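Q: I have a sequence and a structure to read. Where do I begin?

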Amino acid sequence: MMASISKNVFLYASRNGLLNHAAKKWGLKFGASQVVAGVNIESAVKIVRELNQQGIACTLDHLGEFVSSKEEAAQAAEYNVKTLEAMAEAGVDSQLSVKLTQIGLDVDRAFCVENMRRILEAAKWHGNFVQIDMEDYAHYQLTLDILKELRDVYGYNNVGTVIQAYLHRAGQDVKSLKGIPLRLVKGAYKESAKVAYQDKRDVDDNFLVIIKEHLLSGSYTAIATHDHHIIARVKELVKEHSIPFDQFEFQLLYGFRTDVQLSLVREGCNVRVYVPFGDDWFGYFMRRLAERPQNVSFALKGFMSK
Ligand code: FAD
């Protein structure tokens, strides 16, 4: 009961435009620096380098929410291009993750595609790969359509996306995306029973189904989870089907389960950490607190120490 109340409070805060806007001026607060790699590219690249030294690859995500004008979307796209340049210049091992709403999906679809093409051109120039994060269901089909357009019409093969196991249609979508590098996740948004499983066990079962589907189709698969039960099952699965270690990776979020990250590296698995950064950190931080109430304790500790 308390967990569900706190979850809803954090989700409400994550969507509150005024709070998100105000937080941009605060700098990282409430312990957010444990899960957000600073507010600028320099601090993020520094953290990526430290993670690389521990055998961990990264994907950088420049945080940005509530984009409602072409100007903001163009600025966000430009910042992503700069991030790719900064990573190349620093010689770090990191990809890029992008949310389509940040580069104008809600403003103008064609403009968003144009922005994505700019980012992908820069990524191609630097020999890098861009993963399009998956957002809520309202943007789901649009995201898949744009991915298809970018790959099939414009010929970019350095782009993939994310499929959420809580969606009933996830299995079909993974089948239709055979051959495309995908990140598979349980799903982070609150979706209706019409489109998504509501029971954790159903989500977990479907997660394993789609992981198996993509791996056995020979496609590169990123399994993004902090769930040690799922990680253990994936390890069994790859052993059972002799899946080569270079066909999959585990992904975890920056600041979460660092013990698991390092033990996977020691076992010889590819590990990639998703590293968010930027002054628009508040919504991301609130969603992480909503996901796992235990995280509240470190937020409170951070709050007390500020
Ligand atoms: P959960 O179901 O949260 O946890 C299962 C069990 O694992 C828990 O009961 C606990 O026993 C253990 N556990 C979990 N976390 C911890 C912890 N911190 N410490 C100790 N034990 C723990 N979602 C999207 O919708 N779109 C995206 O694009 C997207 N990208 C993502 C990228 C990455 C790299 C990751 C890791 C997640 C991403 N997500 C995304 C979020 C994802 O959908 C889930 O909401 C989130 O990962 C929580 O689910 P879980 O699989 O980690 O396990």
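A: Begin with the ligand. The model is predicted. Of the 24 residues around the ligand, those that come nearest are Gln164, Lys186, Gly187, Thr225 and His226.

Q: Which backbone N or O atoms lie a short way from a ligand atom, and at how many Å?

A: Take them one by one. For Gly187, a backbone N or O atom lies 2.7 Å from a ligand oxygen. For Met134, a backbone N or O atom is 2.9 Å from a ligand nitrogen. A side chain takes part too: an N or O atom in that of Arg183 is 3.1 Å from a nitrogen of the ligand. Taken alone, the ligand exposes 950 Å², and the protein buries 83% of that.

Q: Next, the cysteines. How many disulfides are there?

A: A disulfide covalently joins the sulfur atoms of two cysteines. The count here is 0. Cys58 is in no disulfide, and the nearest cysteine sulfur, that of Cys269, is 17 Å away.

Q: Why is there no bond between Cys269 and Cys58?

A: Compare the distance with the cut-off. Two cysteine sulfurs must be within 2.5 Å to count. The sulfur of Cys269 is 17 Å from that of Cys58, so the pair is too far apart for a bond.

Q: Is Cys58 buried or exposed? And Cys269?

A: Buried means under 20% relative accessible area. Cys58 is buried, at 0%. Cys269 is buried as well, at 8%.

Q: What does Gln95 touch?

A: Place the residue, then list its contacts. Gln95 sits in strand S2, residues 94–98. Its relative accessible area is 16%, so Gln95 is buried. Leaving out residues up to four places away in sequence, Gln95 touches Cys58, Thr59, Leu60, Met87, Asn128, Phe129 and Arg272.

Technical notes:
Residues numbered from 1 in each chain as written. Predicted model: local features only at pLDDT ≥ 70, side-chain atom pairs only at ≥ 80, totals over all residues. Heavy atoms only, no water. Buried < 20%, exposed > 50% of the residue type's maximum accessible area, 1.4 Å probe, protein only. Helix = DSSP H or I, 4+ residues; strand = E, 2+ residues; numbered from the N terminus. Contact = heavy atoms within 4.5 Å. Near = heavy atom within 4 Å. Polar contact = N/O pair within 3.5 Å; in protein donor to acceptor, adjacent residues only side chain to side chain. Areas by Shrake-Rupley, 256 points an atom, 1.4 Å probe, with all protein chains shown as cover.
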